[in-house]
Each structure stands twice: as structure tokens, then as C-alpha cells.
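Here are some notes on the model you sent, set out point by point. They begin with the charged pairs and end with the chain as a whole.

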Amino acid sequence: MKTLLRILLPLGVLISSVAYGQENGNWQNVLEQQLQVLATAAPEDWPPRIDTLTALAEAHPEEWLLQYYAGWSATQLSFKSDKAAADALCERAGPFVKKALSMQPGNTETLTLMGYWLSARINATPSRGVSLGGQSRSYAEKAIAADSSNPRAWLVKALNIYYTPAIFGGGKQRAKPTVDIVAAKFAAFRPDNALAPNWGQQIFDALMASYQ
């Protein structure tokens with residue numbers, strides 16, 4: 001992977017965005033703006049957005065969705081970063097991922113994110129796969145049980161199978177039936193609103209391309 005080049009926005013922009021959300025109680029607008037940017041942002045443009053989402057989560061500790069996105073954004077960027085940066089991003093994401101899950105323990109999205117974050121930790125340090133692989137798969141299964149229509153839950157399950165060595169029951173071909181389910185789930189999925197989790201399509205497209 002290419003070394004991540006961190007480009008920070010002027011501090012004033014970050015502070016003013018978060019301050020607006022705090023003073024007006026309208027963190028939803030700030031969150032929506034950040035998510036819109038992240039939908040098309042290059043990896044080097046993610047760090048200032050992660051900073052903003054982290055600041056929002058810390059300013060509104062009672063909002064599980066902000067904890068979720070602070071954890072998700074750092075987790076997502078870790079997959080696009082070199083190993084050293086990936087590990088640091090996983091460490092940064094951890095408290096937010098865990099808090100979101102503690103606040104919403106039966107929510108398919110927080111369960112999915114926990115499984116995804118564990119996979120990110122394995123991606124950063126592959127030797128963790130022995131201890132964390134089973135945990136990641138377990139959270140994906142719990143997320144599916146909570147809502148079987150959630151494509152991200154199925155995606156994490158598919159990725160777990162795909163990247164598990166064939167000798168341990170995984171691999172590309174064994175993942176294919178689950179990958180087909182993911183395709184159907186994404187085709188049918190519609191987010192409830194602009195702030196509802198809606199990530200994963202690009203990850204799935206890259207996964208599907210490996211079967212072409």
C-alpha cells in the first residue's frame with residue numbers, strides 16, 4: 001500500500017464545524033456534511049474528516065450514532081493505509097466502536113462494525129487472525145441474526161471467509177455463496193435516512209471483481 005499522506009484542514013474549519021453542531025444542537029447537519037464528503041474522498045482527505053467526527057462524538061457522548069461514525073471512519077481508513085498507520089487508526093477507532101456497541105448492543109450495525117473493526121485489526125497485524133478471526137465471524141453472525149437484510153453484516157461474513165486460509169475452511173471459492181447473498185442484499189437495500197449506515201458497496205464491488 002502507498003504510504004498515507006495526511007493532509008489536515010485548517011484548524012479553524014474543524015473547530016467551527018463542531019462548534020456549530022454544539023451551539024445549535026444540530027450535529028446531524030455536520031455529520032451529514034462529513035458523510036457526503038467521505039463518500040467520494042480520496043484516502044489522503046479522510047484524516048480531517050475523522051478529526052471532525054471524533055470531536056463530534058466526544059462533544060455528544062450520549063449519541064451512539066456519532067460514536068459509530070467516529071469508529072467507522074478510522075476503521076475504514078485503516079484498510080487504505082500502510083501497516084503502521086493502520087494499526088494506529090485501529091487503536092483510535094477502538095473506544096468509539098466499543099462504546100457504540102455498548103450503547104446499542106442488539107443493533108445490527110454496531111455488531112457489524114465490531115466485526116469489521118476486528119477484521120481491520122487483523123489486516124493491520126495478520127498474526128492476530130488466530131485470536132480475532134473467530135470473534136469477527138461471531139459478530140458478523142450476530143449482526144445477521146439481528147437483521148438478515150443488512151448487506152454490511154453479510155459483507156463482513158463474506159470477507160471473513162474469503163480471507164481465511166482454505167486449510168482452515170475459508171478461501172475464495174468457499175466465500176462465493178455468501179458473496180452472492182451480499183449481492184442480493186445490496187441490490188435490495190435502501191437506507192432509512194441520510195444518516196443511516198450506507199457503506200460497503202465499493203468494498204463489495206472490489207470483492208466481486210475478483211471473481212470476474
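**Notes on the salt bridges and helix packing**

1. The structure, which is a predicted model, holds five salt bridges. Three of them are taken up in the points that follow, each with the burial of residues that form it.

2. Asp 51 pairs with Arg 92, and the closest N and O atoms of this salt bridge are 2.8 Å apart. The two residues sit in distant parts of the chain, with Asp 51 in helix α3 (residues 46-59) and Arg 92 in helix α5 (residues 83-103), 41 residues apart. Asp 51 has a relative accessible area of 15% and is therefore counted as buried, the cut-off being under 20%, whereas Arg 92, with a relative accessible area of 27%, is partly exposed.

3. A salt bridge also joins Glu 109 to Arg 152, where the closest N and O atoms are 2.9 Å apart. Because Glu 109 belongs to helix α6 and Arg 152 to helix α8 (residues 151-163), the pair ties together parts that are 43 residues apart in sequence. Both Glu 109 and Arg 152 are buried.

4. Thr 112 also lies in helix α6, which covers residues 108-124, and with a relative accessibility of 1% Thr 112 counts as buried. Apart from neighbours within four places in sequence, Thr 112 is in contact with Ala 143, Asn 150, Arg 152, Ala 153, Val 156 and Trp 199; Arg 152, listed among these contacts, is the residue that forms the salt bridge with Glu 109.

5. Lys 157 forms a salt bridge with Glu 141, with the closest N and O atoms 3.1 Å apart. Lys 157 is in helix α8 and Glu 141 in helix α7 (residues 129-146), so this pair ties together parts that are 16 residues apart in sequence. Glu 141 is partly exposed, with a relative accessible area of 39%.

6. Which residues of α2 are buried? They are Trp 27, Val 30, Leu 31, Gln 34, Leu 35 and Leu 38, and because they fall within an arc of 130 degrees when seen down the axis of α2, they line one face of the helix. Helix α2 (residues 27-38) has twelve residues and spans 17 Å from its first C-alpha to its last, which is close to the 16 Å expected at 1.5 Å a residue.

7. For the protein chain as a whole, the secondary structure amounts to ten helices and zero strands. Of its 212 residues, 48% count as buried, and among contacts with a separation of 6 or more, 66% are between residues 24 or more positions apart. The accessible surface comes to about 10,200 Å², of which 56% belongs to carbon and sulfur atoms.

How values were computed. Residues numbered from 1 in each chain as written. Predicted model: local features only at pLDDT ≥ 70, side-chain atom pairs only at ≥ 80, totals over all residues. Heavy atoms only, no water. Helix = DSSP H or I, 4+ residues; strand = E, 2+ residues; numbered from the N terminus. Buried < 20%, exposed > 50% of the residue type's maximum accessible area, 1.4 Å probe, protein only. Contact = heavy atoms within 4.5 Å. Expected span 1.5 Å × (residues − 1). Arc of directions from axis to C-beta. Areas by Shrake-Rupley, 256 points an atom, 1.4 Å probe, with all protein chains shown as cover. Salt bridge = Lys/Arg side-chain N within 4 Å of Asp/Glu carboxyl O.
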